[in-house]
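Colleague: I'm new to reading structures, and I'd like to go through this one with you. Could you show it to me and let me ask about the words people use?

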Amino acid sequence: MTLLQADDVAVFDASGRALVHPVSLRLDAGAPLVVLGETGSGKSLLAQALMGTLPPELWARGRVRIAEAEHDAAQPQGFRRLWGRAVAVLPQEPWLSLDPLMRARAQVAEAHALVRGLAPVAARRAAAADLAALGLGDEAGRRYPHELSGGMAQRVAFAAARAGGARIVVADEPTKGLDAARRDEVARLLTRALETGGGLLAITHDLALAQLLGGRLIVMREGAVVESGPLAEIFAAPQADYTQKLLDADPARWPRRARRAAGPSVVEGRRLTVSRGGRALVEGLDLTLRAGEIVGVSGPSGCGKSSLGDALLGLHAPACGAVRRIEGVARTAFQKLYQDPVSAFPRRRALGATLADVARRFGRRRAEVEALLARLDLAPALLARRPEQVSGGELQRLALLRVMLAEPRFLFADEPTSRLDPITQRGVIDLIATLAEEGCSVLLVSHDAALLDRTADWRMALGGHGTAEAAGRAAPAVALGAAG
Amino acid sequence: MSGALAASGAAPPRRRAGGFAVGAALVLVTLGFGVLAPLVVAGDPFTQSLTKALGGPDAAAPFGYDHLGRSLFHRLAHALRLSPAIAAAAVATAGAAGLLLGGLAAARGGWVDRALTLVADALLALPGLLLVLIVLAIMPGTALGFWAGLSLVLWVEFFRLTRATSRAVLASPAVEASRLLGFGPLYVLRRHLWPEIAPVMLTAAAFGAATAIMAIAALGFVSVGMRAPTPELGLMMVELLPYWREAPFALLTPVIATFTLLLGLILMAGDRAR
């Protein structure tokens, strides 16, 4: 059964430029439809056009058939009565969309009462049943959003979104910023919508999530459909070059980085104990980071990955133990790459001006900066913009450029690609690997095990209880003390 | 697509031009009147001419005469120089002190921060007008007293804003990155702190000036501020109040001038605050 059918839906901006070229698609009951594409590919705009939720400056054209009724995409107000009743939207970061002052069950009951029109008692009962079906008992239902874990909040938001009886669930980047375990949980949650004959439209750049969901796939790029068909077939044998490139960008498909002989030790931690807020995160850790070596660090959030790196950089005083840095090297040779590059640049200053300051600080000439720009594949026009005006991938490369001006001997890369889409991620990681080949020692934090496996010379998993254990294809250069 | 385009599209259009321009124009007109009026029509705000008491406008006094036969035009011009001058001096002093102490509290933290915050909070617990009155009683000279008292009231706002903004900026990865690259405190101040603080400061300055002018007028109105015969907005209002039936326009002149000046300042501040 077809739940949603779209014919030639296109999106334009105020000047009449097409942001999404005409797309036709069909969403069937019981089969997910995954729209895959990188940032800026128009995949979210397409979904917004299908739901009539485009921002007012944009307009759409085409026909959308939902729940046996024809709608004109050019008239978004006609979609309004479908929201919640026929189409449910799972928000990007559900824990932010819950009402912080309302208990979990009440939020779901509210949707039952107001959208579906149930009486208060019946709505409460229905909400409890919904939550129970998602594995949230009475006790969890009485909690406030801040008392719920991220996964539980996501389930509550899911229940609230579906309470109106909508058969179509639209999920826009549901796994943004989640680690692998949480991602699997979200995939299971989304598949639940299908069990009762519902439809699922998932918009993502996450290849692993797409694979977990299965069904049909549409690959988009620059507002146009590159390829569409059954997901399993496309993943097995992509027809378009772009799809191939996108799939190759999945860390699981990367070639392993060739191992090279590590150079002399650059930074050492001896019986290092790092704590935050009085709680020991890493205890009694011995490690040696050598020139030309990439060391991968993984672990659940809050386990002390960032604190460990900061301690090695001297930004955070270790509670106990010592950090030794190579002698005769300027402190500015120890650099850091941030997870959110926007926050790592002065907010109101043009990027070019900031880079010029750094170049002057290190006595670099303009020509050297321009050569680096070319090497990192960055357009010089970007320099006139402010940090929030360039894409995340470009900004992270600019951050890398800034670090390179300081001729780093040690780089602490703190989840540098967790907010980037796969192709951009691969580009940034390749650049970091090049930096290592030039003799820089890299400590790379990531929650993507495949990425670390392909990139790092050896890996270290922080357990979150002050423990650390080493893993990897090569034996670690030093034994890791795992006290605590 | 996503975020980038959707977000920039959804952002409200910049509407700074509107309110800010109107506010600035109102302030300029009132201040301009205060400075230029005596040059256009020569006269003295203190000369009495009882035969002309509450008389209508003529060539020597375009706004007519008050109850003692003094030119309202020239009294108003004098008042519109006095209050803004005191307010500007107080805001400048308070702003400098607030910036310095707020920056110090944010950068040093620890007991310096706690002590300064305690003083600021303690001052905040006192009604502002009462504090100005106390200082007025201590200081010789009313204008000097107003300047000192208002500075003492106004610096708290600048201190709190600077401290809050600086703390957030100093803890940001951007400042950490600059420090790792070997930049010193001066660079952090110029490139990180000041661009974030400056717009907030301008808003606070406009609000502070409005508060100061209002305080001077309010204390003048209850006859505990400026002393007669000094022309001051609040004092002029209370002097002319008994004659409102005979000379409504005479009473309205200081009221309209005060209103225009305050509206202008608040429009400037409000628009920046968005």
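Modeller: Sure, and keep in mind that this is a predicted model. Let's begin in chain A, where three strands form an open antiparallel sheet in the order β12-β11-β14.

Colleague: What makes β12 and β14 of chain A stand at the edges?

Modeller: Count the partners. β12 (279-290) and β14 (320-325) of chain A each have a single partner strand, so one side of each has no neighbour in the sheet. From one strand to the next, the twist averages 15 degrees.

Colleague: How do you know that β11(A) and β14(A) are joined?

Modeller: Strands pair if there are at least two bridges between them. Strand β11 (residues 265-276) of chain A has five bridges to β14(A), and the two run antiparallel. You can look one up yourself: Gly269(A) has Val323(A) in β14(A) as its bridge partner.

Colleague: And which helix lies across β11, β12 and β14 of chain A?

Modeller: That's helix α11 (residues 305-313) of chain A, which runs at about 130 degrees to β11(A).

Colleague: What about the six-strand sheet in chain A: what is its strand order, and how is the pairing described?

Modeller: The order is β6-β7-β8-β3-β9-β10, again an open sheet, but here the pairing is mixed. At the edges you find β6 (87-90) and β10 (224-230) of chain A; each has a single partner strand, so one side of each is left without a neighbour. Ignoring direction, neighbouring strands in this sheet are turned by 15 degrees against each other on average.

Colleague: How do you know that β7 and β8 of chain A pair up, and which way do they run?

Modeller: Use the cut-off of at least two bridges. Strand β7 (residues 168-172) and strand β8 (residues 199-204) of chain A are joined by five bridges and run parallel. One residue to click on is Ile168(A), whose bridge partner in β8(A) is Gly199(A).

Colleague: Which helices lie across strands of that sheet?

Modeller: Among them is helix α6 (residues 150-162) of chain A, which lies across β6 and β7 at about 160 degrees to β6(A). Another one is helix α10 (residues 241-248) of chain A, lying across β3 (32-36), β9 (216-221) and β10 and running at about 100 degrees to β9(A).

Colleague: Let's do helix pairs. Why are α12(A) and α14(A) called roughly parallel?

Modeller: Helix α12 (residues 351-361) and helix α14 (residues 392-405) of chain A pack at about 15 degrees, with their axes 9 Å apart. Angles under 35 degrees count as roughly parallel, and that makes α12(A) roughly parallel to α14(A). The contact brings together Leu351(A), Thr354(A), Leu355(A), Val358(A) and Ala359(A) of α12(A) with Leu395(A), Leu398(A), Leu401(A), Arg402(A) and Leu405(A) of α14(A).

Colleague: How do those residues divide by class?

Modeller: Eight are nonpolar, one is polar and one is charged. The crossing of α12(A) past α14(A) is right-handed.

Colleague: Now chain B. How many helices and strands does it have?

Modeller: Chain B has 10 helices and zero strands. Its C-alpha trace spans about 75 × 50 × 30 Å along the principal axes.

Colleague: Why are α5(B) and α6(B) called oblique?

Modeller: Helix α5 (residues 128-138) and helix α6 (residues 142-170) of chain B pack at about 140 degrees, and their axes are 8 Å apart. Roughly antiparallel needs an angle over 145, and roughly perpendicular covers 65 to 115. The pair is therefore oblique. α5(B) passes α6(B) in a right-handed crossing. Their contact includes Leu131(B) and Val135(B) of α5(B), along with Phe146(B) and Leu150(B) of α6(B). By class, the contact residues are nine nonpolar, four polar and no charged.

Colleague: And which residues meet between α7(B) and α8(B)?

Modeller: Ala174(B), Val175(B) and Ser178(B) in α7(B) meet Tyr187(B), Val188(B) and His192(B) in α8(B). Four of the contact residues are nonpolar, two are polar and none is charged. Helix α7 (residues 173-180) and helix α8 (residues 185-221) of chain B pack at about 145 degrees, with axes 11 Å apart, and the crossing is right-handed.

Definitions and conventions:
Residues numbered from 1 in each chain as written. Chains lettered and ligands numbered in written order. Predicted model: local features only at pLDDT ≥ 70, side-chain atom pairs only at ≥ 80, totals over all residues. Heavy atoms only, no water. Axes fitted to C-alpha atoms, helices over the stretch in contact; angles between N-to-C directions. Helix = DSSP H or I, 4+ residues; strand = E, 2+ residues; numbered from the N terminus. Left-handed = near helix turned anticlockwise from the far one by under 90°. Contact = heavy atoms within 4.5 Å. Nonpolar A, V, L, I, M, F, W, Y, C, P; charged D, E, K, R; others polar.
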